[in-house]
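Visitor: I have some questions about this structure. Could you take me through them briefly?

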Amino acid sequence: MSVDAAALTAWLTEFARLVETHRELLTDLDSAIGDADHGSNLDRGMKAVLATLEKEQPATPAAVLKRTGMTLISTVGGASGPLYGTAFLRMATAAGDDETLDPATFGKALRAALEGVVARGKAVAGDKTMYDALAPAVDALEGALADGQPFAEALDAAVRAAEEGREATIPMVARKGRASYLGERSAGHQDPGATSMTFLLAAAAGTLRG
Ligand code: ADP
Ligand code: MG
């Protein structure tokens, strides 16, 4: 099982579909602890990503990921555009010149995405951000692959970990981004970025399993 440019495009297409389907949910979550734009931000960004990928399909995984990151940075305002954008740019670098990514390389690329989010936003575990879904997902993916599990099962484990991480953001007090302005009042609400990040992993499990 390996992941080529077309498979990554299918992943991004599915992520865009999930974001569009759940745009109101993402916006409602952001209206509770932010400024009610996360759904519209990401929907606009992912529609722009699909448009540029449709116009001209990049040949390599790195080219797909780089185009995605650049497009998100230039079209999505707010915190999440640069954060998701940096994540995809770091994935592109990790993909190198490979025509296809094997599961271990995909895992490394996702680890690089997490490091990009941290480099950009300085979040740590428990800050109530997208980190809290992505970090456990990367750990679960790497752990499952190290245990010799098939890629599909490793992706499913990553989704379960992301879902648990997303749920765990509910009682957290936000320490990064707009939600942190609310202090203790941010507790009791699910983080919008952790929610969209879980969609990104669900889209991977749905499309990259082979
Ligand atoms: P904005 O907060 O600028 O309106 P969005 O609403 O699109 O941007 O995105 C908000 C999400 O961004 C939050 O739910 C959180 O998951 C994520 N986020 C904000 N700041 C950070 C950060 N420093 N590190 C990681 N994620 C962050
Ligand atoms: Mg917002």
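Visitor: Is Asp-35 buried, partly exposed or exposed?
Guide: This is a predicted model. Partly exposed covers the range between 20% and 50% relative accessible area. Asp-35 has 30% relative accessibility, so Asp-35 counts as partly exposed.

Visitor: Which residues are the protein donors of the magnesium ion (ligand 2)?
Guide: In sequence the donor residues follow the spacing D-x4-D-x1-D. Their OD atoms lie 2.0 to 2.2 Å from the ion. The donors are Asp-30, Asp-35 and Asp-37.

Visitor: And Asp-37, is that buried, partly exposed or exposed?
Guide: Buried would need a value under 20%. Asp-37 is at 22% relative accessibility, and therefore counts as partly exposed.

Visitor: Are helix 2 and helix 3 parallel, perpendicular or oblique to each other?
Guide: Helix 2 spans residues 23–33 and helix 3 spans residues 38–55. Their axes are 6 Å apart, at an angle of about 140°. Roughly antiparallel would need an angle over 145 degrees. Helix 2 and helix 3 are therefore oblique.

Visitor: How many nonpolar, polar and charged residues does the contact of helix 2 with helix 3 have?
Guide: Helix 2 brings Arg-23, Leu-26, Thr-27 and Asp-30. Helix 3 meets them with His-38, Gly-39, Ser-40 and Asp-43. By class, that contact has 1 nonpolar, 4 polar and 3 charged residues.

Visitor: Which helix supplies the largest share of the largest nonpolar core?
Guide: That core has 61 residues, and Trp-11, Phe-15 and Met-91 are among those with the most contacts inside it. Several helices each supply at least two residues, including helix 5 (80–95) and helix 6 (103–121). The largest share is 9 residues, and it comes from helix 1.

Visitor: Lys-122 or Lys-128: which counts as buried?
Guide: Lys-122 is in the loop between helix 6 and helix 7, and Lys-128 lies in the loop between helix 6 and helix 7. Phi is positive in each: near 60° for Lys-122, near 70° for Lys-128. At 55% relative accessibility, Lys-122 counts as exposed. At 1%, the buried residue is Lys-128.

Visitor: What distance separates the C-alpha atoms of Pro-150 and Gly-193?
Guide: Pro-150 sits in the loop between helix 7 and helix 8. At 47% relative accessibility, Pro-150 counts as partly exposed. Pro-150 and Gly-193 are 43 residues apart along the chain, and their C-alpha atoms are separated by 28 Å.

Definitions and conventions. Residues numbered from 1 in each chain as written. Chains lettered and ligands numbered in written order. Predicted model: local features only at pLDDT ≥ 70, side-chain atom pairs only at ≥ 80, totals over all residues. Heavy atoms only, no water. Axes fitted to C-alpha atoms, helices over the stretch in contact; angles between N-to-C directions. Helix = DSSP H or I, 4+ residues; strand = E, 2+ residues; numbered from the N terminus. Parallel < 35°, antiparallel > 145°, perpendicular 65-115°, else oblique. Contact = heavy atoms within 4.5 Å. Nonpolar A, V, L, I, M, F, W, Y, C, P; charged D, E, K, R; others polar. Donors = N, O, S within 2.8 Å, 3.2 Å for Na, K, Ca; no water. Buried < 20%, exposed > 50% of the residue type's maximum accessible area, 1.4 Å probe, protein only. Core = buried A, V, L, I, M, F, W, Y, C linked by side-chain atoms within 4.5 Å.
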